[in-house]
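Reader: Before I rely on the labels attached to this structure, I would like to hear the reasoning behind them. Could you take me through it step by step?

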Amino acid sequence: MEIAFVLEKFVFITVIFALSLVVAMYSTLAERKIAAFLQDRVGPNRAGPGGMFQPLADGVKMFLKEEIIPTQSSKFLFIAGPSLAILTACIGSAVIPWGQDVVLFGKTIALQATDINVGILYIFGVVSLGVYGVMIGGWASNNKFSLMGAIRAASQNISYEIPMGLSIIALLLLTNSLSLKDIAEQQHGFNWNVFYQPLGFLIFLICSFAETNRTPFDLPECETELVGGYHTEYSSMKLGFYLFAEYINMFVSSAVMATLYFGGYNYPGMDFVNSLIGPTWGPLLGMGVLFLKIFAFIFFFMWVRWTIPRFRYDQLMNLGWKVLIPLAIANIVLTGVVIALVNKF
Amino acid sequence: MNLFYLVAFLSIFFSLLVIFSKNPVHSVLYLIVTFFTFTIHYILLNAQFLAIVNFIVYMGAIMVLFLFVLMLLNLNEETEPLKPTLLKVMGVVAGMCLLVTLAGSLKALSVSEPVVLQNANLGLVKNLGKVLFNQFLLPFEISSLLLLSAMVGAVLLAKKEA
């Protein structure tokens, strides 16, 4: 029993891990294809049919490039930076429920690595840890531009964590649970949280753009001012890790948004479909639906990147502290009042 | 139990490194690792909420600010001014006094009665929330007021400088 359980979790985590890496890998291609589409170009189409092997070619290129470690840098931390970035990006998906319990080979398997009862806070903790990869890398490079990028990243992440946390609090007032599994279950069918928390979702969405350092909040790597930002001195696969971590972060934050606000693996009429196709394919179809939602969010991330120009730094700080935080607090008060009134009458 | 000793050893080891490392940024990084070992301690005690809050607040927010400031200051061994000898002697005397005090208090130490936990799941969010908002509501509210006043004070100080 014990060994079977460990084996089951091991296989499941490996599958999820591989899936998130593959999604992140093909996000790089999707990004370039979408950029090309929005700019009326063709995009990468040389490697394989329609450019399908472009991510592999990029990966090989990254691996084979010369590895340069600046002489004046702090060597251990220089390597630790990108490692930490990719580590924090990967562990975020541990608490996301990918689907209802599925019956496979006569066994009921939970499609979630672990259902800890502080799931949301875990995600929040991982997000807040993510900034260390950037900061350590930027500082260890011993380069002014890298340091500027790292410091921008740190202040941006701290500033946007606050409205993000506050928007989650309003959501928690509704769900009464910190477990992502419970939250996903409560949104059964079409009872999605986004209908009750539209403002909270908007704030969360904006903050996740800032937390993943995506345009219009990509000031840490603002190439017009800072050469390459925190990864100016990086080459080879260590640069690859930073770039890759961004895509994994995007995948995980899309999954979190889909789970918290857009029903996760739930879709209208799922009970009917489940009774039709049985307990094996039903939950797997739910997982497919969740992935569709995730891809929609990833597309949205890319769409915004190629549509909206970058903020100025003071605008970014004003938006975070003077607009989003008051809005998020107002959202909490509003939600609390409405819940109290509903409970009363 | 063995796990506890391993984690306790790591906590002490890294907190010693905080003191002994020459570079202040390295010190802060060791401090972050020390806080991470504290998080593991909380998890071993089945206090999940406290663990994750320690993780978010100390590791994710406060230490980022520490690191932030130290990176901006750019302290190096070369830029560090040499302290006068008098200051060093005073430091040694003060440290010795602390050591004597600690040793004295250690001698007066006796093994306390072990606290028996009423409910093993006390550290879970639900139970903690119930205790906090029923039994300790007044201290909770007062401490939140205290934090608010500290925040207002910090903003006021920052405004004055500008």
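**Domains, spaces and a bent helix**

Author: Chain B is divided by the domain assignment into domain 1 (1-77) and domain 2 (122-162), and please keep in mind throughout that this is a predicted model.

Reader: How do you know where domain 1 of chain B and domain 2 of chain B lie with respect to each other?

Author: Taken over C-alpha atoms, the centres of domain 1 of chain B and domain 2 of chain B are 23 Å apart. Their contact takes 4 residues from domain 1 of chain B and 4 residues from domain 2 of chain B, where contact means heavy atoms within 4.5 Å.

Reader: Why is the largest pocket said to lie between domain 1 and domain 2 of chain B?

Author: Domain 1 (1-77) and domain 2 (122-162) of chain B both contribute residues to the lining of the largest pocket, and therefore the pocket lies between them. Chain A takes part in that lining as well, since helix 4 (119-140), helix 5 (144-175) and helix 11 (313-344) of chain A each supply at least two residues, as do helix 3 (48-73), helix 5 (125-134) and helix 6 (137-161) of chain B. Helix 6 of chain B gives the most, with 12 residues.

Reader: What makes up the lining of the largest pocket, and which residues lie nearest its centre?

Author: The lining of the largest pocket has 47 residues, and those nearest its centre are A:Phe124, A:Gly165, A:Leu166, A:Ile169 and B:Val57. By class, the lining divides into 34 nonpolar, 8 polar and 5 charged residues, while the space in this pocket comes to about 2800 Å³.

Reader: What makes a space a cavity rather than a pocket, and how many cavities of 30 Å³ or more are there?

Author: In a cavity a 1.4 Å probe fits but cannot get out, whereas a pocket is open. By this rule there is 1 cavity of 30 Å³ or more, and the largest cavity holds about 460 Å³ of space. Its lining has 31 residues, with A:Val127, A:Gly130, A:Glu211, A:Thr212 and A:Asn249 nearest the centre, and the lining divides into 20 nonpolar, 9 polar and 2 charged residues.

Reader: How do you know that helix 10 of chain A falls short of the span of a straight helix?

Author: Helix 10 (residues 270-305) of chain A has 36 residues, and at 1.5 Å a residue a straight helix would reach 52 Å, yet its end C-alpha atoms are only 34 Å apart. Within helix 10 of chain A, a kink of about 135° lies at A:Gly278, shortly before the proline A:Pro279.

Notes
Residues numbered from 1 in each chain as written. Chains lettered and ligands numbered in written order. Predicted model: local features only at pLDDT ≥ 70, side-chain atom pairs only at ≥ 80, totals over all residues. Heavy atoms only, no water. Helix = DSSP H or I, 4+ residues; strand = E, 2+ residues; numbered from the N terminus. Expected span 1.5 Å × (residues − 1). Bend = angle between axes of the 7 residues up to and from the residue. 1 Å grid on protein atoms, 1.4 Å probe; cavity = no way out; pocket = protein on both sides within 12 Å on 5 of 7 lines; lining within 4 Å. Points joined across faces, edges and corners; volume = space filled by probe spheres on them. Nonpolar A, V, L, I, M, F, W, Y, C, P; charged D, E, K, R; others polar. Domains from an automatic or database assignment.
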